[in-house]
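The exercises below ask you to read strands, helices and cores from a set of coordinates. Each task is followed by a solution in steps, which is best consulted after an attempt of your own.

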Amino acid sequence: MRKLRIGISSCLLGDEVRFDGGHKRDALLIETLSPFVEWVRVCPEVELGLGVPREPVRLVSAAGDTRMIGVESGIDHTDGMRAYARRRVEELAAMELSAYVLKSRSPSCGPGDVQVHGDSGAPSHTGTGLFAAALSERFPDLPIEDESRLAGAAARIRFLERASAYGGLRPTRFVPVVRVDAGGVLATTDVAAAEEPLDIRLHGRSFAVIMRTPGEDRTLAAGFLLSERVIQSAADIGAVEHCRHPDQAKAHHVVDVYLHGSAADRVPEMLEGRRQLIANSSCGVCGRATIEELRAGIAPLAAGGTVDVAVIRELPERLRARQSTFEETGGLHGAAAFTIDGTLLASAEDVGRHNAVDKVIGAFLLEEATGSPQVLMVSGRVSFEIVQKAWLAAIPVVAAISAPTSLAIELAQEAGITLLGFVRGRSLNIYTHPDRIAGT
Ligand code: SF4
């Protein structure tokens, strides 16, 4: 993943640039965001040449203006700081920042609530640091926060999402995660590949809903229609556009396709054929006609019992031991169902990840396997459909050797399913409903 380039008041990173030679390192902020961020450190007061240590400054209200004044000497740094800030934000513009984290309450960096002193009485908390003011004037849409507003995990994730959107990096989502490894348990942030449904419509009617990583939707739709033999060549395509209907709230997840000539003549027949396919399909996604149908009304799974983390850690090896074809070919996906204490109930292999899961679940349906499956372990990554299948089969814990997608995490949260990823050695990530995992 390409890292987000984010500007930051350098004292928050631990640089000893404060007026007294100290720093204001925010360990939680830095440690949780740094895996996704390339920091651009800026200390306006040091870069202005005020030195370390230095006389502290404060904002003073005077003649309708806010001035930056040395606390003891009364030296006015306002014009110098404003000139420096104008120059520096232009340099930062060339660096294409995705967001900025500022030090709260600083007369240079504070984005709001900075003390402003008047001639008499208590200071008001109405000021903006001079550098912060120049920054937000130059970049009015840039996500800018101070560290005090990023103290919670949800706020940090929202900030990363906004930075990601501003920087044009939509194919990923930031998610909260409980990381368990030999060093202990850490509530932190992880990044997941984005997975979202795309509704491909022919002449205004839904033809197929496919799961995809957002981006290049029009080319995806065209390629899909060729693969499905709806079109034979580019000559059959009249228009391929994202939906622009003002009433369609999720227009960015809908692509309208209009065809030419004989391909257009065949559209009613193809839609009818698709309808028949949907009626007979067991596929969790591709057979569905609309995005809404993907979340058929099923009740979330009840809390139930807990699984010990030591049991979870052994499952990859047990799954691997059942993957005989994988051992020979190295090319198949595996899935297996276990009881709460790790007893294997059923396993399967297939070239398709989803097929392997269907085979495991089908074994219980056809009574070729017995018992109450509580944990579904899969060899690869977890997409939306895997969680959907576990939900329909009432399996409350899904574990994977690789990563889940963003939609898998979202659905697991909604389904009451405990979702684990990167189960490798002594490490694992818990994405949803951690209460079912004991012994962490
Ligand atoms: S708040 Fe800003 S000006 Fe003050 S030390 Fe930190 S980075 Fe430098």
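**Exercise 1.** In this predicted model, establish how strand β1 is paired with β5, and then work outwards to the order of the strands in the open sheet.

*Solution.* Begin with β1 (residues 4-9) and β5 (residues 99-102), which run parallel and are joined by three bridges; within this pair, Gly 7 stands opposite Tyr 100 in β5. Next take β1 with β2, where six bridges join strands that again run parallel, and where Ser 9 has Val 42 of β2 as its bridge partner. Adding β8 completes an open sheet of four strands, in the order β2-β1-β5-β8 and with parallel pairing. Because β2 (37-42) and β8 (144-146) stand at the edges and have a single partner strand each, one side of each is left without a neighbour in the sheet. Neighbouring strands of this sheet are, on average, turned by 25° against each other, with direction ignored.

**Exercise 2.** Determine the handedness of the unit made by β1, helix α1 and β2, and find which strands helix α5 lies across.

*Solution.* Following the chain from β1 over helix α1 (residues 27-33) to β2, one obtains a right-handed β-α-β unit. Helix α5 (residues 153-166) is then found to lie across β1, β5 and β8, and its direction makes an angle of about 140° with β5.

**Exercise 3.** Trace the pairing of strand β3 with β4 and with β6.

*Solution.* On the β4 side, β3 (residues 57-62) and β4 (residues 65-70) run antiparallel and are joined by six bridges, with Val 57 standing opposite Gly 70. The hairpin of these two strands has two residues between them, and Ala 63 takes a positive phi near 50° there. On the β6 side, β3 and β6 (residues 114-117) run parallel and are joined by two bridges; here Val 60 stands opposite His 117.

**Exercise 4.** Describe the open sheet that contains β12 and β13, and say why one side of each of these strands is left without a neighbour.

*Solution.* First, the order of the four strands is β12-β11-β14-β13, and their pairing is mixed. Second, β11 (residues 196-202) pairs with β12 in the antiparallel sense over seven bridges, and Ile 200 has Ala 208 in β12 as its bridge partner. Third, β12 and β13 (237-242) stand at the edges with a single partner strand each, so one side of each lacks a neighbour in the sheet. The twist from one strand to the next averages 20°.

**Exercise 5.** Locate the largest nonpolar core, and decide whether helix α12 is largely enclosed or not.

*Solution.* The largest nonpolar core has 90 residues, of which Val 387 and Val 398 touch the most other members. Since domain 1 (4-169) and domain 3 (307-438) both give residues to this core, it lies between them. Leaving aside residues up to four places away in sequence, Val 398 touches eight residues by name: Leu 376, Val 382, Ile 386, Val 387, Ala 390, Ala 412, Ile 417 and Leu 419. Another core, of 16 residues, lies apart from it and includes Ala 208 and Val 230.

Turning to α12 (residues 384-392), eight of its nine residues are buried, so the helix is largely enclosed by the rest of the structure; among the buried ones are Phe 384, Val 387 and Trp 391. The buried residues of α12 pack against several elements, including α11 (353-365), β19 (397-400) and α13 (406-415). After the helix comes Ala 394, with a positive phi near 60°.

Key. Residues are numbered from 1 along each chain as its sequence is written. This is a predicted model: local features need pLDDT of at least 70, side-chain atom pairs count only at pLDDT 80 or more; totals for chains, interfaces and linings use all residues. Two strands pair if DSSP finds at least two bridges between them. Axes are lines fitted to C-alpha atoms, for helices over the stretch in contact, and angles run from 0 to 180 degrees between N-to-C directions. Two residues are in contact if their C-beta atoms, placed from the backbone, lie within 7 Å. A crossover is right-handed if, with the strands pointing away from the viewer, the path from the first strand over the helix to the second runs clockwise. A nonpolar core is a set of buried Ala, Val, Leu, Ile, Met, Phe, Trp, Tyr and Cys residues joined through C-beta atoms within 7 Å. A residue is buried if 20 or more other C-beta atoms lie within 10 Å of its own, exposed if 12 or fewer, and partly exposed in between; C-beta atoms are placed from the backbone. Domain bounds come from an automatic or database domain assignment.
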